[in-house]
Amino acid sequence: MRIPPNAHQTDEAFSGASYERIPSLRQTHGEGAKQDRMAQWETEALERGDYDEFVRRAEHRRGELFRDTANILARLAAIFIGGALIAAALLWFWHLLAPESWQYLTEDQLADIQTVLFSGLAAGIAQSYIRPRLNPSEGHSNNG
């Protein structure tokens with residue numbers, strides 16, 4: 001049963017029953033609740049009666065934080081992989097142009113570098129990450 005908004009301590013409200021007004025969280029927790037911003041927002045949401053909206057927004061913020069973190073990690077991985085591919089391409093190109101006395105990789109090592117550089121895997125990874133950002137209308141959402 002809900003407590004009437006105008007009920008006071010030991011107020012005789014409905015049919016002679018005795019009700020006590022539940023103190024707000026600010027009254028019971030004092031300044032401690034104010035020191036933590038999230039606790040303050042939660043306290044205000046409880047007092048306003050829109051705690052479900054508060055929970056929905058908090059869950060949304062957590063989801064967005066996770067997506068932002070995953071996007072940062074994907075960007076760092078793309079930068080690292082791109083840098084490694086560029087370094088491998090420069091190294092491979094160096095061995096094509098340099099005199100044999102300056103070359104230090106074996107033919108097998110050069111073949112491995114060439115396989116990585118010119119395989120569809122490297123191009124596919126780069127293309128799958130870059131294409132949606134260049135043209136978001138290709139069926140991908142603009143999440144990053």
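Biologist: What share of the contacts in the chain with a separation of 6 or more is between residues 24 or more positions apart?

Modeller: This is a predicted model. Contacts in the chain with a separation of 6 or more are the set to look at, and within that set the pairs 24 or more positions apart are picked out. Their share is 21%.

Biologist: In what order do the elements of the chain run from the N terminus on?

Modeller: The secondary structure of the chain comes to six helices and two strands. The strands are placed at the start, with the helices after them. From the N terminus on, the order is β-β-α-α-α-α-α-α.

Biologist: Which element has the highest confidence in the chain?

Modeller: The chain has an average pLDDT of 75, and 69% of the residues reach at least 70. Strand S1, residues 11-12, has the lowest confidence, with a mean of 48. At the other end of the range, with a mean of 88, is H4.

Biologist: How many contacts does the stretch of residues 9-13 have in the model, beyond near neighbours in sequence?

Modeller: Over residues 9-13 the pLDDT is below 50. Where pLDDT is low, predicted coordinates should not be read in detail. With that caution, the number of contacts in the model for residues 9-13, beyond near neighbours in sequence, is 13.

Biologist: Is His95 buried or exposed?

Modeller: His95 belongs to helix H4, which spans residues 51-97. Its relative accessibility is 4%, and the cut-off for this class is under 20%. His95 therefore counts as buried.

Biologist: Which residues is His95 in contact with, leaving aside its neighbours within four places in sequence?

Modeller: Leu110 is in contact with Trp92, His95 and Leu105, again leaving aside neighbours within four places in sequence. Leu110 is thus one of the contacts of His95. The full list for His95 is Gln103, Tyr104, Leu105 and Leu110.

Biologist: Which element gives the largest share of the largest nonpolar core?

Modeller: The core has six residues in all: Ala88, Trp92, Leu105, Leu110, Ile113 and Leu117. Two elements, H4 and helix H5 (107-118), give two or more residues to this core. The largest share, three residues, comes from H5.

Biologist: Which element gives the most to the lining of the second largest pocket?

Modeller: The second largest pocket has a volume of about 240 Å³. Its lining has 12 residues, and nearest its centre lie Ala78, Ile79, Ile125, Ala126 and Tyr129. The elements with two or more residues in this lining are H4 and helix H6 (120-134). The most, seven residues, come from H4.

Biologist: How many nonpolar residues does the lining of the second largest pocket have?

Modeller: By class, the lining has no charged residues and one polar residue. The number of nonpolar residues is 11.

Biologist: How far apart in space are Ala58 and Glu42, C-alpha to C-alpha?

Modeller: Ala58 is in helix H4 and counts as buried because its relative accessibility is 6%. In sequence, Ala58 and Glu42 are 16 residues apart. In space, C-alpha to C-alpha, the distance is 9.7 Å.

Definitions and conventions. Residues numbered from 1 in each chain as written. Predicted model: local features only at pLDDT ≥ 70, side-chain atom pairs only at ≥ 80, totals over all residues. Heavy atoms only, no water. Helix = DSSP H or I, 4+ residues; strand = E, 2+ residues; numbered from the N terminus. Buried < 20%, exposed > 50% of the residue type's maximum accessible area, 1.4 Å probe, protein only. Contact = heavy atoms within 4.5 Å. pLDDT = per-residue confidence, 0-100. 1 Å grid on protein atoms, 1.4 Å probe; cavity = no way out; pocket = protein on both sides within 12 Å on 5 of 7 lines; lining within 4 Å. Points joined across faces, edges and corners; volume = space filled by probe spheres on them. Nonpolar A, V, L, I, M, F, W, Y, C, P; charged D, E, K, R; others polar. Core = buried A, V, L, I, M, F, W, Y, C linked by side-chain atoms within 4.5 Å.
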